[in-house]
Amino acid sequence: MSWSVGVDTGGTFTDLAAVDWSTGRMFVTKVPSTPADPAEAILGALGGFAERAGASLSALTMLGHGTTVATNAVLEGKGAEAALLITEGFRAVYPARAGTRPRGADLIDPAYQKAAPLVPLAATFEVPERIAFNGEVKRPLDVEAVRAIARELKARNIRTAAICFLFSFMHDAHEKQAAAIIREIHPECRLSLSCEVMPVIREFPRLSTTVLDAYVGPVVERYLQNLATRASAEGINVNRLFLMQSNGGLMRIEVAARYPNETLLSGPAAGITFAATLGRMIGEQNLVTFDMGGTSTDMGVIIDGEPATVNDGTIGGQEIGTPMVDISTLGAGGGGIARRGRDGLLKVGPESAGAAPGPACYARGGTLPTVTDANALLGYIDPTRLLGGQLVGDVELARRALSALGDELGLDAVTLAQGIRRVVNVQMAGGLRLNITDKGGDPRDFSIVAFGGAGPLHAAELARDLGVKQVIVPKHPGVSCAIGLLLSDVRHIYRQSLLTPLSRVDPADVNGRVDAMAARARDDAAREGFTEEEIVLRVQFEMRYAHQGYQLVVEAPLRLAGTADLRQVREAFDRQHEATYGVAAPGEEVELVTIRLVSTAPLQRVSLSDVDRQEGAAVQPAGSRRAFFAECGGFTDVPVYDRLDLAPGFRRDGPLIVEQLDSTTIVGGGQSMHVDDFGNLIIRASASPSSR
């Protein structure tokens with residue numbers, strides 16, 4: 001047997017999906033996460049997989065991993081003590097935060113506070129040097145000043161530092177010279193250089209991203225080294241261990257340690273890859289992903305079959321300029337804790353009960369009421385059969401926790417449970433709606449892909465609120481991100497700003513810059529075990545009309561042969577601008593802002609289409625349960641189906657419940673569900689009162 005494995009670590013559960021390439025057999029499992037030591041749950045899941053599937057960990061052809069280590073370090077303020085070296089006279093740029101101001105719900109939050117800088121002014125050092133906007137050296141680097149800074153870093157035992165000089169993306173000699181001096185005097189210090197981390201225009205995103213790299217770098221490196229050491233002790237070939245990046249591609253663990261800022265959206269990015277692949281398979285091009293786990297909910301948009309991507313974003317209030325899949329996150333998961341707010345109203349999240357102790361109904365010591373407890377009390381989940389019976393809980397513990405908060409709010413436990421579910425659903429519906437409309441879409445043209453352990457529990461109700469055409473629940477919703485790791489290729493994106501009017505671009509200069517990035521791509525590929533022939537290179541230009549504040553990414557030739565190629569790129573930009581914004585300006589000057597090189601090494605991918613195609617219409621419920629459905633007048637007996645019994649052709653009207661190892665799906669009254677040809681559950685508004 002030849003297995004590939006994907007492992008996704010969440011705040012509450014660690015998910016594993018594996019495929020045997022010789023037979024196409026799929027294996028999935030979930031285990032509680034171990035936040036204090038994420039590697040413990042990963043190795044536990046791998047050990048359980050090896051035992052139950054009869055697989056040898058030493059024979060794994062690939063182990064893909066999605067992690068929240070970097071994200072949690074930022075969100076929880078547990079990164080390393082870092083320093084910053086910046087051009088003299090620009091010390092205040094970082095704390096000024098590019099004029100960061102509240103947005104969205106923060107606008108009406110009287111307790112809003114801007115995220116604190118990751119490096120304080122006391123650890124920010126000005127360096128006498130100056131590079132002009134065109135790359136010209138206006139003031140040479142003050143070598144003695146850098147030596148003095150290096151000695152101070154060593155004396156203060158600061159072991160990670162960011163170096164970000166003005167216009168270093170045009171001329172990187174000063175940053176590299178300063179780094180060489182620090183390494184000579186303080187070799188234990190890890191350095192993040194903006195000319196390597198993000199050599200692109202716009203000073204603050206480049207600065208903030210480089211600081212983030214320095215802040216999370218030591219944490220990510222320690223985690224990856226620990227994971228690699230322990231995986232190796234279990235017989236796993238670490239040369240086959242890959243980490244998911246924010247851009248939706250994999251990179252080998254050794255390379256990941258060099259680019260920690262690339263892992264800030266490591267976990268949820270795999271879910272977008274999964275949903276896009278699923279959409280292409282079933283012929284659905286416009287999707288909004290709804291990945292609700294135990295700690296948070298991640299959402300992304302797929303338009304015309306392609307995931308939306310961005311060149312910047314925020315993590316815990318910290319700006320990041322790394323190319324990434326466009327994902328928005330809400331602090332609204334199954335473990336979201338309900339409480340009485342300062343205004344006396346019911347609030348849910350963003351604090352989570354996590355994996356330890358978890359929701360009260362898990363019977364692991366939790367006493368605070370959560371979304372999961374509300375779902376248990378309302379009959380949507382059976383806490384005595386969590387994870388297929390691996391985790392045995394108690395609904396009375398949920399009732400006790402909800403009653404305690406209900407007494408504060410003057411509500412009985414059942415009414416409070418309904419309120420908790422409604423509050424969290426409103427939050428998530430708002431997030432989904434904004435994700436679609438911000439991209440110029442209409443919710444009625446989209447389908448929700450519901451995954452994560454809790455996504456299918458809430459998606460049908462959200463679909464009714466949003467007016468989307470249908471909900472798609474994949475075969476293994478609770479481990480979809482882990483499966484997404486088995487659908488990903490190794491990918492790297494290299495960027496270099498140029499900022500030149502297209503009419504004055506020198507093709508030879510562009511080709512030389514592409515060659516330099518291609519050399520880096522080949523070097524990274526060699527580190528990951530790929531030959532030059534195995535990687536596919538694509539060139540893209542980030543372009544804009546002169547003086548615009550945003551760019552569009554346009555495909556370009558791998559090598560520019562002359563002005564004819566530039567003319568074709570210009571025409572493609574005009575077409576894309578008109579398609580995106582409804583207007584183009586063919587007579588206006590266009591600027592080439594940044595050159596991008598995308599390097600891809602294709603990997604073997606798992607098939608999502610393998611399914612038992614026997615007719616499933618005659619399946620009987622595995623049992624029944626009293627559950628609350630407002631459209632049916634309250635608590636009512638509803639059929640409960642085992643997902644393993646449902647094959648293509650099965651069709652029923654709601655209300656009903658579908659249970660499986662990794663998730664539970666709720667279908668409301670007035671809705672219908674059928675199983676499509678690929679084994680997905682499709683939930684829509686009932687077309688007729690009859691059902692088979």
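The exercises below concern one sheet, the helices packed on it and a further helix in a predicted model.

**Exercise 1.** Determine which strands stand at the edges of the open four-stranded sheet.

*Solution.* Begin with the strand order, which is E6-E5-E9-E10, with parallel pairing. Next, look at the ends of that order: strand E6 (124-127) and strand E10 (190-193) each have a single partner strand, so one side of each is left without a neighbour in the sheet. Finally, consider the twist: neighbouring strands are turned by 20 degrees against each other on average, with direction ignored.

**Exercise 2.** Describe the pairing of strand E5 with E6, and state which helices pack on the sheet.

*Solution.* Strand E5 covers residues 83-87 and pairs with E6 in the parallel sense over four bridges. For Leu 85, the bridge partner in E6 is Phe 125. Helix H4 (residues 143-155) lies across E5, E6 and strand E9 (160-164), and runs at about 165 degrees to E6. Helix H5 (residues 173-185) also packs on the sheet, where it touches E5, E9 and E10. The direction of H5 makes about 175 degrees with that of E10.

**Exercise 3.** Check the length of helix H9 (residues 266-282) against the expected span, then state how many of its residues are buried.

*Solution.* Helix H9 has 17 residues, which at 1.5 Å a residue should span 24 Å. The end C-alpha atoms of H9 are 26 Å apart, which agrees. With buried taken as under 20% relative accessible area, 14 of the 17 residues of H9 are buried, and the helix is mostly covered. Just after H9, Gly 283 takes a positive phi of about 80 degrees.

How values were computed: Residues numbered from 1 in each chain as written. Predicted model: local features only at pLDDT ≥ 70, side-chain atom pairs only at ≥ 80, totals over all residues. Heavy atoms only, no water. Pairing = 2+ DSSP bridges. Helix = DSSP H or I, 4+ residues; strand = E, 2+ residues; numbered from the N terminus. Axes fitted to C-alpha atoms, helices over the stretch in contact; angles between N-to-C directions. Contact = heavy atoms within 4.5 Å. Expected span 1.5 Å × (residues − 1). Buried < 20%, exposed > 50% of the residue type's maximum accessible area, 1.4 Å probe, protein only.
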